[in-house]
Amino acid sequence: FTGRLGKGHVFGYEDDEYNSPTRTAQLGRIRVTEVEQVRHGAMPGRWLDVGAGTGYVLREARSRGWQVQAVETNQHGVDTLQRQQIPVIVTPWEKANIADASQDVVSFYTVLQHLSDPNVALRKARRVLKADGLLVIRADDFSSLNPATAGTLLPLSARDIQYYFTAESLSALLQKNGFEVIDMKEAGQGVSGQNRMINVLNHG
């Protein structure tokens with residue numbers, strides 16, 4: 001998804017756990033380029049990635065001049081981020097101590113649907129973003145999947161999903177939390193092998 005809050009935005013998510021180093025580097029370049037295109041060439045600023053995993057997006061962002069920071073609780077991810085000298089806050093997003101209006105970009109790549117309360121997560125993202133900041137979300141569109149049986153159809157690695165978003169339900173969630181959807185599109189295969197990823201662009 002992509003989106004804008006106030007004068008900020010929102011994008012997308014994906015897990016680099018199953019991809020080769022070459023593929024994750026390519027994905028990092030794609031994701032950072034997406035953000036920079038939406039920002040219309042604005043100078044790099046501060047980028048906070050929630051659930052950053054092994055840091056494939058932040059590595060690329062840092063190479064382009066961004067000041068990066070991660071929020072991550074998985075120990076493998078934390079260790080990898082620290083080896084790369086990417087600053088990491090080791091606490092759940094809801095408890096992370098981030099200054100208000102301090103971030104130019106906040107991203108959730110394959111993260112939002114795993115959180116216990118997406119409303120709380122989005123409200124916090126809105127609070128820490130600058131007035132012209134960008135919120136980036138990427139998530140599966142489960143419109144073709146029955147949530148009642150999804151747990152038996154999804155791979156084991158994806159069965160901790162808390163919210164089975166569709167394009168419509170995610171749009172409503174973003175609007176509820178002060179975002180206006182201005183663009184939405186499919187963005188490739190989702191985790192179930194049956195549904196698609198979608199990107200949404202929002203502004204408030």
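Student: What makes Trp 47 count as buried?
Tutor: Trp 47 comes out at 0% relative accessibility. Buried means under 20% relative accessible area, exposed over 50% and partly exposed in between, using a 1.4 Å probe and protein chains only. Zero falls under that cut-off, so Trp 47 counts as buried.

Student: Before we go on, what am I looking at?
Tutor: A predicted model, where local features need pLDDT of at least 70 and side-chain atom pairs count only at pLDDT 80 or more, while totals for chains, interfaces and linings use all residues. Residues are numbered from 1 along each chain as its sequence is written, and side-chain values use heavy atoms, with hydrogens and water left out.

Student: How do you know whether Trp 66 is buried or exposed?
Tutor: Use that cut-off again: the relative accessible area of Trp 66 is 4%, so Trp 66 is buried.

Student: What makes two rings an aromatic pair?
Tutor: Rings of Phe, Tyr and Trp (its six-membered ring) pair if their centres lie within 6.5 Å; planes under 30 degrees apart are stacked, over 60 edge-to-face, and the rest tilted. That rule gives two aromatic pairs here.

Student: Why is the pair of Trp 47 and Trp 66 called edge-to-face?
Tutor: Their centres are 5.1 Å apart, which is within 6.5 Å, and their planes meet at 80 degrees, which is over 60, so edge-to-face is the label.

Student: What does the pair of Trp 47 and Trp 66 tie together?
Tutor: Trp 47 belongs to strand β3 (residues 46-50), and Trp 66 to the loop between α2 (56-63) and β4 (67-71), so the pair ties together parts 19 residues apart in sequence. Those labels are DSSP runs numbered from the N terminus: helices are H or I with at least four residues, strands E with at least two.

Student: And how do you know what kind of pair Trp 93 and Phe 108 make?
Tutor: Their ring centres lie 5.9 Å apart and their planes are at 85 degrees, so this pair is edge-to-face. It links distant parts of the chain, with Trp 93 in the loop between β5 (88-89) and β6 (103-109) and Phe 108 in strand β6, 15 residues apart. Both Trp 93 and Phe 108 are buried.

Student: What makes Lys 124 count as lying over the face of Trp 93?
Tutor: A charge sits over a ring if NZ of Lys or CZ of Arg is within 6 Å of the ring centre and within 35 degrees of the ring normal. Lys 124 is at 5.2 Å from the ring centre of Trp 93, and it lies over the face.

Student: What makes the span of helix α1 close to the expected one?
Tutor: The expected span is 1.5 Å times one less than the number of residues. Helix α1 (residues 21-38) has 18 residues and reaches 26 Å from first C-alpha to last, close to the 26 Å expected.

Student: How do you know on which side of α1 its buried residues sit?
Tutor: The buried ones are Thr 24, Leu 27, Gly 28, Arg 31, Val 32, Glu 34, Val 35 and Val 38. They cover an arc of only 150 degrees around the axis, which puts them on the same side of α1; the arc is that of the directions from the helix axis to the C-beta atoms. The face turned away carries the exposed residues Thr 22 and Gln 37.

Student: What makes His 40 stand out?
Tutor: Most residues other than glycine have a negative phi. His 40 has a positive phi of about 55 degrees although it is not a glycine. His 40 is located in the loop between α1 and β3, and its 71% relative accessible area is over 50%, so His 40 is exposed.

Student: Why is Ala 101 called partly exposed?
Tutor: Its relative accessibility is 46%, which lies between the two cut-offs, so partly exposed is the label. Ala 101, in the loop between β5 and β6, is another non-glycine residue with a positive phi, near 50 degrees.

Student: Which residues is Val 68 in contact with, leaving aside its neighbours within four places in sequence?
Tutor: Contact means heavy atoms within 4.5 Å. For Val 68 the list is Trp 47, Leu 58, Ala 61, Arg 62, Ile 86 and Pro 87. Val 68 is in strand β4, and at 11% relative accessibility it counts as buried.
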